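Hi,

Here is the structure I promised to pass on. Have a look at it first, and my notes on the cysteines and the aromatic rings follow below.

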Amino acid sequence: MNLKLLSNSLHLFLLLSFFILNVFYTVYSSRNLIQTEKVPCTLNFQNMNYTIITSQCKGPHYPRQECCAAFKEFACPYSQNINDESTDCLTLMLSNIRLYGGYPVGMFGNTCLQGKQHVDCP
Ligand SMILES: *[C@@H]1O[C@H](CO)[C@@H](O)[C@H](O)[C@H]1NC(C)=O
């Protein structure tokens, strides 16, 4: 057996193992963070009236100005909860708006939020 070849394979093996472990560790710890950090939202976004948004923000073009204006009109009364990153209110609201209005994935989150995290309200 060629000793150099063996040593090289071992080196490669260790490198790969380290890399794979790192990936698993990253995925595992970030999922853990998300699961343990967020406090369940106390607002009942499942049963809200989304007419403000669905009546003003329509496909196929979903005009950004109208959509974001309607989005804020709906969301601003709850901005304190939504902007509290320790809760999952923002995520919950976004997924329910999407569900009720049949909007494209991530539309409001990507276009109407300040830094994709905060609802910017007066
Ligand atoms: C939702 O709100 C709209 C007005 O914004 C109202 O016309 C409609 O009746 C409401 N729907 C329900 C189910 O409460």
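Let me start with one cysteine pair: Cys-68 and Cys-112 form a disulfide, with 2.2 Å between their sulfur atoms. Keep in mind as you read that this is a predicted model. The torsion about that S-S bond is -80°, and the link of Cys-68 and Cys-112 is left-handed. Cys-68 sits in helix H3 (residues 64-75) and Cys-112 in the segment after helix H6 (107-111), so this bond ties together parts of the chain that are 44 residues apart in sequence. If you go looking for the two on the surface, note that both Cys-68 and Cys-112 are buried.

That bond has company: searching the whole structure turns up 4 disulfides.

Next is Cys-41 with Cys-89, a disulfide whose sulfur atoms are 2.0 Å apart. The pair links distant parts of the chain, 48 residues apart: Cys-41 is in the loop between helix H1 (3-37) and helix H2 (51-56), while Cys-89 belongs to helix H5 (residues 89-101). As for handedness, the torsion about the S-S bond of Cys-41 and Cys-89 is about 95°, so this disulfide is right-handed. Both Cys-41 and Cys-89 are buried.

Then there is the disulfide from Cys-76 to Cys-121, at 2.0 Å from S to S. Here the torsion about the S-S bond is about -90°, so the disulfide of Cys-76 and Cys-121 is left-handed. Cys-76 lies in the loop between H3 and helix H4 (79-82), and Cys-121 in the segment after H6, so the bond ties together parts 45 residues apart in sequence.

Are Cys-76 and Cys-121 buried or partly exposed? Cys-76 has 19% relative accessibility and so counts as buried, with the cut-off for buried being under 20%. Cys-121 comes out at 23%, so that one counts as partly exposed.

For your notes on connectivity, counting the bonded cysteines along the chain gives the disulfide pattern 1-6, 2-3, 4-7, 5-8.

Now the aromatics. How many aromatic pairs are there? The count comes to 8 aromatic pairs. There is also a cluster to pick out on screen: Phe-45, Tyr-50, Phe-74, Tyr-78 and Tyr-100 form one aromatic cluster. Among the members of that cluster are Phe-74, whose number falls within helix H3 (residues 64-75), and Tyr-100, which falls within helix H5 (residues 89-101).

Cheers

Notes: Residues are numbered from 1 along each chain as its sequence is written. This is a predicted model: local features need pLDDT of at least 70, side-chain atom pairs count only at pLDDT 80 or more; totals for chains, interfaces and linings use all residues. Side-chain values use heavy atoms; hydrogens and water are left out. A disulfide is a pair of cysteine sulfur atoms within 2.5 Å. Helices (H or I, at least four residues) and strands (E, at least two) are DSSP runs, numbered from the N terminus. Buried means under 20% relative accessible area, exposed over 50%, partly exposed in between (1.4 Å probe, protein chains only). Rings of Phe, Tyr and Trp (its six-membered ring) pair if their centres lie within 6.5 Å; planes under 30 degrees apart count as stacked, over 60 as edge-to-face and the rest as tilted.
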